[in-house]
Amino acid sequence: MSDRIRRLASYVRPHSVLYDLCCDHGYIGLTAWDQKPLAGLVFVDQSPNALRAVHEALKERQLTEDPRVQVITGLAENLQINGDSPCDFVMAGVGIRTIVTIIRELFPSGPGPHRLIICPEKNSLELRSFLQTQKLGVVAEDVVMEAERFREIIVLEEKGGPIHLLGEGYVGREDPHVQNFVKSLRAWHAAVTKKREARSAP
Ligand SMILES: C[S@@+](CC[C@H](N)C(=O)[O-])C[C@H]1O[C@@H](n2cnc3c(N)ncnc32)[C@H](O)[C@@H]1O
């Protein structure tokens with residue numbers, strides 16, 4: 001199991017209902033289920049093909065008939081969330097646009113008691129700009145390496161701290177990969193800004 005998956009699962013709150021959105025193989029949900037007690041586990045993916053592996057894994061664990069566990073085939077943004085009990089929503093391994101669509105559709109007036117655990121496929125700068133416009137704050141953020149690429153994890157709740165754009169939240173982190181991530185993010189941002197300024201110059 002990758003460090004990214006283990007780390008994502010570690011941010012799931014014990015006793016919450018976990019929605020593993022865009023779950024594919026379902027490893028994140030299954031890892032969280034193995035790590036801690038959960039009130040429920042819901043796998044969601046648009047692809048019935050992808051969900052076959054989840055059904056197999058549930059069979060192996062004798063969870064097929066467990067009323068706490070559910071598998072939903074469909075778009076995550078069309079999900080109906082019932083009740084006010086705290087749920088954790090993982091959105092990982094998908095693009096920024098998908099994450100923005102899901103957040104807009106599922107949490108139009110903020111997350112309430114829920115937690116969002118996000119790990120976009122690529123650079124999160126655009127996503128963070130969007131998140132700043134929502135009723136959301138950061139409760140944790142982290143960078144992990146997977147297949148030699150930086151993967152950012154952003155954990156959000158209604159009452160979290162400020163959402164920073166250029167790695168300000170990583171100040172004080174000494175892990176070399178986190179420092180390298182911040183360096184590369186700032187270098188990329190400087191290059192993009194320079195290009196934009198050159199384009200708008202008379
Ligand atoms: C690369 S996999 C990510 C798997 C896992 N979440 C991870 O991070 O390892 C992307 C999955 O997202 C699913 N997906 C993409 N957009 C979706 C949407 N709007 N609703 C539900 N599933 C979606 C795809 O079918 C695919 O199985």
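This is a short talk on the fold of one chain, a few of its helices, the shell around its ligand and some individual residues.

Before anything else, please keep in mind that what we are looking at is a predicted model, in which local features need pLDDT of at least 70 and side-chain atom pairs count only at pLDDT 80 or more, while totals for chains, interfaces and linings use all residues. Residues are numbered from 1 along each chain as its sequence is written.

Let me start with the overall layout. The chain has six helices and seven strands, where helices (H or I, at least four residues) and strands (E, at least two) are DSSP runs numbered from the N terminus. Read in that direction, the order of the elements is α-β-α-β-α-β-β-α-β-α-β-β-α. As for overall dimensions, the radius of gyration of the chain is 18 Å, which agrees with the value near 17 Å for a compact globule of 202 residues; that radius is taken over C-alpha atoms, and the globule rule is 2.2 Å times the number of residues to the power 0.38. Along the principal axes, the C-alpha atoms fill a box of roughly 65 × 35 × 30 Å.

Of the 202 residues, 35% are buried, and here a residue is buried if 20 or more other C-beta atoms lie within 10 Å of its own, exposed if 12 or fewer, and partly exposed in between, with C-beta atoms placed from the backbone. Among contacts with a separation of 6 or more, 64% join residues 24 or more positions apart, a contact being two residues whose C-beta atoms, placed from the backbone, lie within 7 Å.

Now to the helices, beginning with helix 2, residues 27-35, where seven of the nine residues are buried, so this helix is largely enclosed by the rest of the structure. The buried ones are Tyr-27, Ile-28, Gly-29, Leu-30, Thr-31, Ala-32 and Trp-33, and they pack against helix 1 (3-10), strand 1 (17-21), strand 2, helix 3 and strand 4.

Helix 3 has a buried side and an exposed one. Its 13 residues, 48-60, should span 18 Å at 1.5 Å a residue, and the end C-alpha atoms are 19 Å apart, which agrees; the expected span is 1.5 Å times one less than the number of residues. Leu-51, Val-54 and Leu-58 are buried in helix 3, and, seen down the axis, the buried residues of helix 3 fall within an arc of 45 degrees, so they line one face; the arc is that of the directions from the helix axis to the C-beta atoms. An α-helix has 3.6 residues a turn, so residues three or four places apart point the same way. The cover over the buried residues of helix 3 includes strand 2 (40-45) and strand 3 (69-73), whereas the face turned away carries the exposed residues Asn-49, Arg-52, Glu-56, Lys-59 and Glu-60.

Helix 6, residues 176-200, is hardly covered, with two buried residues among its 25, and it reaches 36 Å from its first C-alpha to its last, close to the 36 Å expected.

Turning to the ligand, 16 residues surround it, and the closest are Cys-22, Asp-24, Ala-76, Ala-92 and Gly-93; a residue is near a molecule if its C-beta atom, placed from the backbone, lies within 6 Å of it. The shell divides into nine nonpolar, four polar and three charged residues, with Ala, Val, Leu, Ile, Met, Phe, Trp, Tyr, Cys and Pro counted as nonpolar, Asp, Glu, Lys and Arg as charged, and the others, Gly among them, as polar.

Which sign does phi take at Cys-22? It is positive, about 55 degrees, although Cys-22 is not a glycine. Most residues other than glycine have a negative phi. Cys-22 sits in the loop between strand 1 and helix 2 and counts as buried, because it has 22 C-beta neighbours inside 10 Å. Gln-62, in the loop between helix 3 and strand 3, also has a positive phi, near 55 degrees, but Gln-62 is exposed, with 8 other C-beta atoms within 10 Å.

Two more buried residues close the talk. Cys-87 lies in strand 4, residues 87-92, has 22 other C-beta atoms within 10 Å, and, leaving aside neighbours within four places in sequence, is in contact with Ser-16, Val-17, Tyr-19, Ile-81 and His-114. Pro-120, in the loop between strand 5 (115-119) and helix 5 (125-131), is buried with 23 such atoms within 10 Å, and its contacts beyond four places in sequence are Gly-95, Ile-96, Ile-99, Leu-127 and Glu-152.
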